[in-house]
Amino acid sequence: MMDWFRTRGWALCMLALVGLFCLGPVLWQAVTSIKLDEDLVRLPPIIPDRATTVHYERVLFQSSLGQSLVNSVVVAASATAVAIVVGGLCAFTLARLPIGGKPVMLGLVLATSMFPPIAVISPLYLLMRGLGLRDTLIAVGLTHAVYALPLAIWLMTSFFRQLPGELYYAARVDGCTPLRALLMVFLPLARPGLAVAALLVFIFSWNEFMFALTLTASDATRTAPVAVALFPGLYEIPWGDIAAASLVVTLPVAGLAALFQRHIVAGLTAGSVKG
Amino acid sequence: MIVRAALIICAALGFGCTPTDDRPHDPNIVLVFKHGKLSGDEQVLSGLLREFERRHPGVIVREELLPSSSDQQHQYYAMNLDGGQAPFDLLGVDTVWVQEFAKAGWIIPMNAILPPAEQEQFFPGPIQAATFEGQLYAVPWYIDAGVLYYRRDLLERYGVAPPKTWPDLVRAAQRVLDGERDAGLAGFVWQGKQYEGLICVALEVLRSNGSDLWGGDRARAEAGLQFLRETIVRHRITPLSVGMADEESTRQVFGSGRALFMRNWPYAWALLQREGSPVQGKVGLAPLPSFPGYPSAPVLGGWMLASPKSSAHPQEAAELIRFLTSPDAQRLVALQMGYNPTRRALYSDASLVKARPLLTDLYPIFLEARPRPITPYYLLLSQAMQPEVSAVVVGSKTPREALEAASRQAARIIGSRDSPVAVEGL
Amino acid sequence: MIGQPSVKPRSKTGGIRLSERTWGYLLASPAFVLVGLVAVAPIAAALWLSLHRRLPVFGVDEFVGLWNYAQLWNDERFWAACRTTVYFTVLSVATELLLGFGLALLLDGLTNGTGKSTRWAQVMIIVPWAVPTVVSAQIWAWLYQPDYGLLNYLLHRVGLITQPIDWLADPDWAIHAAVVMDVWKTTPFAALLLLAGLKTVPRDLYAAARVDGAGAWQQFRHITLPLLMPVVVIVLVFRTMDSIRVFDAVYVLTGGGPGNSTETLSIYAYKTLFQTLQFGYGSTLATAMFLIVAAFSSLYLLLLRRHLQEAA
């Protein structure tokens with residue numbers, strides 16, 4: 001099978017097609033974001049002969065997108081931190097410690113993420129309001145952390161299972177508590193797996209829309225996807241601005257993913273395949 | 001252990017930066033005004049609110065925005081108002097929600113700030129739509145109604161006058177299309193996507209044929225729906241893509257010179273006439289056509305202001321509503337944001353009319369504009385009707401099948417046990 | 001799992017000696033507390049609501065037990081939404097899997113050593129997945145515009161079509177347009193997982209097969225595919241779960257139309273809950289969705305267990 005791909009030219013051609021498929025729509029957004037308002041619906045030409053930065057100016061300086069990006073970073077980072085810490089402890093337990101009812105626990109955790117968010121959103125909103133957390137970043141971050149927990153736990157459990165048990169027993173015989181063993185022994189080895197889980201949770205939280213929309217109310221707490229949803233006025237949809245905003249919101253995450261991609265493959269390789 | 005503690009502290013600090021109510025115990029009264037994002041310069045509304053604060057020392061008004069999507073706003077309001085303690089004192093309500101909110105007991109009557117004598121100063125349509133069991137529950141803020149846009153230059157070229165009847169419109173479109181021989185030119189574009197806007201269009205056609213979507217002469221209703229479908233398949237003046245068109249896509253098509261007639265709301269006028277628009281100076285606006293023997297039947301749109309029952313400051317909220325719908329405020333908003341006022345007197349206001357001459361043309365249309373069915377069941381009925389009309393538009397169902405399916409559903413909704421309200425006009 | 005020797009630790013710090021079991025419950029508890037508070041409580045509320053007839057506008061609030069579920073049986077719109085959702089899921093997941101496999105094979109073949117091209121390829125593939133769903137739906141809505149959308153323009157230029165296709169207005173095309181958008185967005189997930197799986201297949205297996213005279217296809221069928229089955233099932237589980245519950249993407253793209261041809265279960269549930277304000281019945285619809293997702297997941301996990309045992 002690998003002989004096929006020896007003809008590099010052919011392979012690169014395929015890669016170009018793949019690139020077109022994956023990046024094409026995003027590139028089109030980029031082109032749209034520099035078009036003048038009048039040219040927005042003019043096709044041809046695909047690449048406009050005159051460009052403008054007015055959409056980016058409007059988006060970055062005249063709207064609340066800047067603040068919302070900061071909020072998104074705070075929420076996603078916090079949600080990731082909580083999900084990894086809490087989920088990691090739970091995953092370690094499920095992988096190594098002799099507690100009862102593991103399949104039930106795993107199943108329960110998975111089940112909570114199976115329930116459609118739309119039915120949950122109203123009671124959740126009322127819950128947050130009851131706790132006095134309406135319109136706070138805590139509410140959004142907490143919700144994201146909890147809904148990302150099943151995925152994080154699943155990934156990290158299967159990853160911890162891969163790590164050699166002898167190290168753990170050695171540490172325990174030396175007198176470490178299980179927690180210490182986790183921190184001293186497992187964590188350094190587990191970095192790829194944690195990186196994968198962290199990236200997945202971060203992307204999930206960054207892009208999450210429904211909970212973020214419902215649980216926030218003001219400019220100060222809004223996250224990026226919600227800010228993009230606020231661009232259209234009544235009837236009017238400023239396509240150019242939305243295109244610019246979309247790119248601004250996507251690039252940080254794509255960048256982060258690029259930075260982590262080495263860890264992702266390493267982590268996924270070690271963690272998921274052998275089950 | 002330390003690492004874990006540190007991580008948790010960092011997370012907590014991260015959560016800690018929650019800049020919400022940074023006002024400590026404020027002796028002032030804070031009114032929260034919840035509304036959807038408006039088009040145009042937002043500073044105008046902020047300016048008005050600051051003016052209100054100036055006139056009422058001790059009161060602060062805080063705006064909280066929702067996405068402009070009507071659906072998302074409705075979802076938000078339903079969740080909050082049902083929960084009891086709604087965290088706002090004023091809300092912007094769509095014309096079609098007032099009956100529902102009033103029936104649910106979620107909003108309070110406004111007769112105190114707008115007694116019946118004063119209601120005469122407003123357009124009759126919105127007042128009707130906002131009156132539930134004899135009481136007014138919301139004050140009309142701005143008004144909208146369906147209108148016909150046409151390409152004046154193209155019609156002049158072929159010596160055709162703006163059509164007054166639907167058959168005339170079809171003839172005019174066919175004449176111009178034959179003459180122009182431009183494959184990219186559409187005759188008539190309207191909103192055919194499966195959403196509330198489609199119901200508006202359908203009502204405008206059916207009511208101008210002496211019938212209605214719910215009740216009325218069934219044969220004429222079918223003919224009306226058939227007309228919509230025929231613009232696509234028989235007269236070929238409308239592209240099939242209207243099946244996915246909403247206000248903005250039709251505005252874009254017309255605004256880039258690719259349509260002869262368009263049904264839309266008045267908001268598009270300013271966008272069509274601005275600098276750089278390919279159709280600047282070539283656009284005309286007219287009342288919607290009707291079928292011979294019947295008057296034009298534009299559908300009423302627009303938004304109103306209401307106050308929830310759970311508000312802690314009903315007096316101040318009522319004052320704010322009164323202020324925002326006062327003649328001066330409405331004039332300002334009309335001048336600088338392009339929203340159409342709900343007070344009739346403003347349409348003869350010299351300075352306003354001079355700055356926005358279109359208002360003279362819009363006045364009779366707004367006067368005629370009829371609300372959608374005035375019943376708390378409206379959203380239920382509309383949700384059942386939208387897929388049916390959409391199916392007719394794209395040809396999956398015949399008008400008869402669609403209307404029958406819709407009326408079956410309506411009977412099920414209204415006739416179900418414990419439905420305590422009788423629906424007039426159904 | 002290897003049998004664990006029971007370890008009786010001598011605590012260095014001389015603190016309380018807890019058993020492993022106790023440690024286990026202790027460490028796992030924060031997760032369950034959080035999940036219990038933030039996730040389980042609202043779900044329980046929704047389940048409770050599904051047993052009521054609740055129309056706040058009309059002041060109707062009564063316990064009806066399973067009556068709502070009985071209503072489901074006769075609800076033609078529910079069954080239509082089920083059909084649409086299942087059709088969408090099957091098409092979407094199958095395509096993602098196939099495309100994902102293709103991408104993974106391509107990347108695997110390209111990345112024998114050259115670091116840079118691997119990195120770029122992997123970044124490229126991640127991009128659709130990194131785009132927020134609502135943004136991606138708007139991008140595709142823009143692409144699908146019949147009059148000024150890029151897709152029709154390109155197809156026309158290439159000569160494949162003479163008339164613009166109404167991707168979203170034609171009831172036959174609309175659901176497929178939604179599938180294409182979903183596949184674009186989520187193929188990276190499948191591709192990355194499968195790529196990772198491919199990298200763990202020992203190369204010498206292929207070499208041995210070649211010596212035996214096996215062609216490319218046979219190598220794939222007898223070596224690659226069986227070894228990759230666990231990953232395939234995992235992709236199936238996650239993607240099926242998400243596809244059945246798809247909401248934002250389709251709602252922004254089509255709103256459920258035209259003629260309800262793209263109305264998925266979650267769109268129907270959303271409209272029932274927040275447009276017509278039937279809180280009880282809407283919760284019932286959501287619970288029905290949950291049961292369907294759970295059924296599919298259980299099915300897949302049964303398969304997974306079998307393959308896990310085989311692999312071990």
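**Salt bridges and burial in a predicted model**

Student: In this predicted model, what makes the pair B:Arg171 and B:Asp168 a salt bridge?

Tutor: The closest N and O atoms of B:Arg171 and B:Asp168 are 2.9 Å apart. The cut-off is a Lys or Arg side-chain nitrogen within 4 Å of an Asp or Glu carboxyl oxygen, so the pair is called a salt bridge.

Student: Where in chain B do B:Arg171 and B:Asp168 lie?

Tutor: Both are in helix 8 (residues 166–180), three residues apart, which means that about one helical turn separates them.

Student: Why is B:Arg171 called exposed?

Tutor: Its relative accessibility is 52%. Exposed means over 50%, so B:Arg171 counts as exposed.

Student: Why does B:Asp168 count as partly exposed?

Tutor: B:Asp168 has 31% relative accessibility. Buried needs under 20% and exposed over 50%, so B:Asp168 falls in between.

Student: How do you know that B:Glu51 and B:Arg54 form a salt bridge?

Tutor: Their closest N and O atoms are 2.8 Å apart, and the limit is 4 Å. These two residues sit three apart in helix 2 (residues 42–55) of chain B.

Student: Which of these words fits B:Glu230, buried or exposed?

Tutor: B:Glu230 has a relative accessible area of 16%. That is under 20%, so B:Glu230 is buried. Its side chain meets that of B:Arg234 in a salt bridge (3.2 Å, N to O), and B:Arg234, with 56%, is exposed.

Student: What joins C:Glu96, C:Asp182, C:Arg239, C:Asp242 and C:Arg245 into one network?

Tutor: Salt bridges that share partners join them.

Technical notes:
Residues numbered from 1 in each chain as written. Chains lettered and ligands numbered in written order. Predicted model: local features only at pLDDT ≥ 70, side-chain atom pairs only at ≥ 80, totals over all residues. Heavy atoms only, no water. Helix = DSSP H or I, 4+ residues; strand = E, 2+ residues; numbered from the N terminus. Buried < 20%, exposed > 50% of the residue type's maximum accessible area, 1.4 Å probe, protein only.
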